[in-house]
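Hi,

Here is the structure I promised to pass on to you. Have a look at it first, and then read my notes below.

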Amino acid sequence: MGNELKCMVSFGEQKSEGKALLETSEILFRGGFRLKIPFSTIKSAKAVDGELRLQTAERLAVFHLGATAEKWCDKILHPKTRIEKLGVKPGARVSLLGEFEPEFLRELTGLTKSVNKSKVASDSEWIFFAADAKQDLLAALPKIAKAIHGAAALWIVYPKGQKQITENDVLAAGRKTGLKDVKVVGFSATHTALKFVIPLPKR
C-alpha cells in the first residue's frame, strides 16, 4: 500500500487529471489514460518545481505533484527493502509458520539468529504465517492468536489475486480472533502481507 494523490499527468502527447498511486515497487496513474511504471524500468527520476519527472524507456512521464514531488522522487530512488517495510530489526525474535520463499529466509537469517520454525515461540516479537487458502487460515489462526503476547506483531502473508483466499478473508479472520489490522505491504510480486496486533487496551 502506497501513497495516493489527485494530480495532472502528462505522458508524451497525452495529458489528463486523475489519481496517482505510489506503491512499493511501481507508480500507477488512473485518469484519461493509465500508466504502470515499475521502478526497475525508470531511467531517471527528478523533482523539479513541483513536478516529478520520470524518464521511461518509452518517453517522459511528468506528474504534477507540488510539494509532494521531492518526497515521491526520494522513495523511487531509494525504495525500502522488504525487511524495512515489515519492520523487523536486527536480533529480533521471529517465528515462522508455513512455507516461505528461500530469499525471505535468507533475508531473515541475515538479520537475526533467533528464527523459530513450525511453532510460535513464547518470546516471539514477530510472527509470520503463510496462508495459501482460506481453510488453512481459519484452522490455524485462533491458536496463533492465543500465542501472541504484548506488542508482538503477526504478519499474515497470502497470495495476491486468488479466489481461494482474499484480503477480506484475512481481515475478517484476524478481527474474529480479536486482533487489530494495522498495516498492509507488498510482500513480493505474488504475495501481500497484512499486519495484526493485540489492541492496546487488551495487552
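**Rings and charges**

Arginine 59 is placed over the face of phenylalanine 11, at 5.2 Å from the ring centre. Before going further, please keep in mind that this is a predicted model. A second arginine does something similar: the charged end of arginine 82 sits over the ring of phenylalanine 187, 4.6 Å from its centre.

Phenylalanine 187 also belongs to an aromatic cluster, together with Phe100, Phe104 and Phe128. Searching the whole structure gives six aromatic pairs. One of them is the tilted pair of phenylalanine 100 and phenylalanine 104, with 5.5 Å centre to centre and 45° between the planes. Both of these residues are buried. Phenylalanine 104 pairs with phenylalanine 128 as well, this time edge-to-face, at 5.2 Å centre to centre and 70° between the planes. Phenylalanine 104 lies in helix 3 (residues 102-109) and phenylalanine 128 in strand 10 (residues 126-130), so this pair ties together parts that are 24 residues apart in sequence. The relative accessible area is 0% for phenylalanine 104, and phenylalanine 128 is likewise buried at 0%.

**The nonpolar cores**

As you know, nonpolar side chains tend to be buried together in soluble globular proteins. The largest nonpolar core here has 23 residues, and those that touch the most other members are Phe129, Leu137, Ile144, Leu154, Ile156, Val170 and Phe196. At least two residues of this core come from each of strand 10, helix 4 (134-146), strand 11 (153-159), helix 5 (167-176) and strand 13 (191-197). Which element gives the most to this core? That is helix 4, with four residues.

Two members are worth a look on your screen. Leaving aside neighbours within four places in sequence, phenylalanine 129 is in contact with ten residues that you can pick out: Leu97, Phe100, Asp136, Leu137, Ala140, Ile144, Leu154, Trp155, Ile156 and Val157. Leucine 154 lies in strand 11 and counts as buried, at 0% relative accessibility. Not counting residues up to four places away in sequence, leucine 154 touches Ile127, Phe129, Leu141, Ile144, Ile148, Leu179, Leu194, Lys195 and Phe196. Between leucine 154 and alanine 133 there are 17 Å in space, C-alpha to C-alpha, and the two are 21 residues apart in sequence.

For contrast, try alanine 151, in the loop between helix 4 and strand 11. Alanine 151 is exposed, with a relative accessible area of 59%. From alanine 151 to leucine 60 the C-alpha to C-alpha distance is 45 Å, with their positions 91 residues apart in sequence.

**Strands**

Strand 13 is largely enclosed by the rest of the structure, because six of its seven residues are buried. On one side of the pairing list is strand 11, which pairs with strand 13 in the antiparallel sense over seven bridges; within this pairing, valine 157 has alanine 193 as its bridge partner in strand 13. Strand 12 (residues 180-186) also runs antiparallel to strand 13, and six bridges join the two. Here glycine 186 stands opposite threonine 192 in strand 13. Strand 12 and strand 13 form a hairpin, with four residues between them.

Strand 8 (residues 94-97) is a nice one to turn around in the viewer. In a regular strand the side chains alternate between the two faces of the sheet. In strand 8, Val94 and Leu96 point one way while Ser95 and Leu97 point the other way, and all are buried. Strand 8 pairs with strand 9 (residues 115-117) in the parallel sense, over three bridges. Valine 94 stands opposite valine 115 in strand 9.

**Cysteines**

How many disulfides are there? The count comes to zero. Why is cysteine 7 not bonded to cysteine 73? The sulfur of cysteine 73 is the closest cysteine sulfur to that of cysteine 7, but at 14 Å it is too far for a bond. Both residues are tucked away from the surface in the sense of accessibility: cysteine 7 counts as buried at 7%, and cysteine 73 counts as buried at 6%.

Do write back if you would like to go through any of this together.

Best wishes

Technical notes. Residues are numbered from 1 along each chain as its sequence is written. This is a predicted model: local features need pLDDT of at least 70, side-chain atom pairs count only at pLDDT 80 or more; totals for chains, interfaces and linings use all residues. Side-chain values use heavy atoms; hydrogens and water are left out. Rings of Phe, Tyr and Trp (its six-membered ring) pair if their centres lie within 6.5 Å; planes under 30 degrees apart count as stacked, over 60 as edge-to-face and the rest as tilted. Buried means under 20% relative accessible area, exposed over 50%, partly exposed in between (1.4 Å probe, protein chains only). A charge sits over a ring if NZ of Lys or CZ of Arg is within 6 Å of the ring centre and within 35 degrees of the ring normal. A disulfide is a pair of cysteine sulfur atoms within 2.5 Å. A nonpolar core is a set of buried Ala, Val, Leu, Ile, Met, Phe, Trp, Tyr and Cys residues joined through side-chain atoms within 4.5 Å. Contact means heavy atoms within 4.5 Å. Two strands pair if DSSP finds at least two bridges between them.
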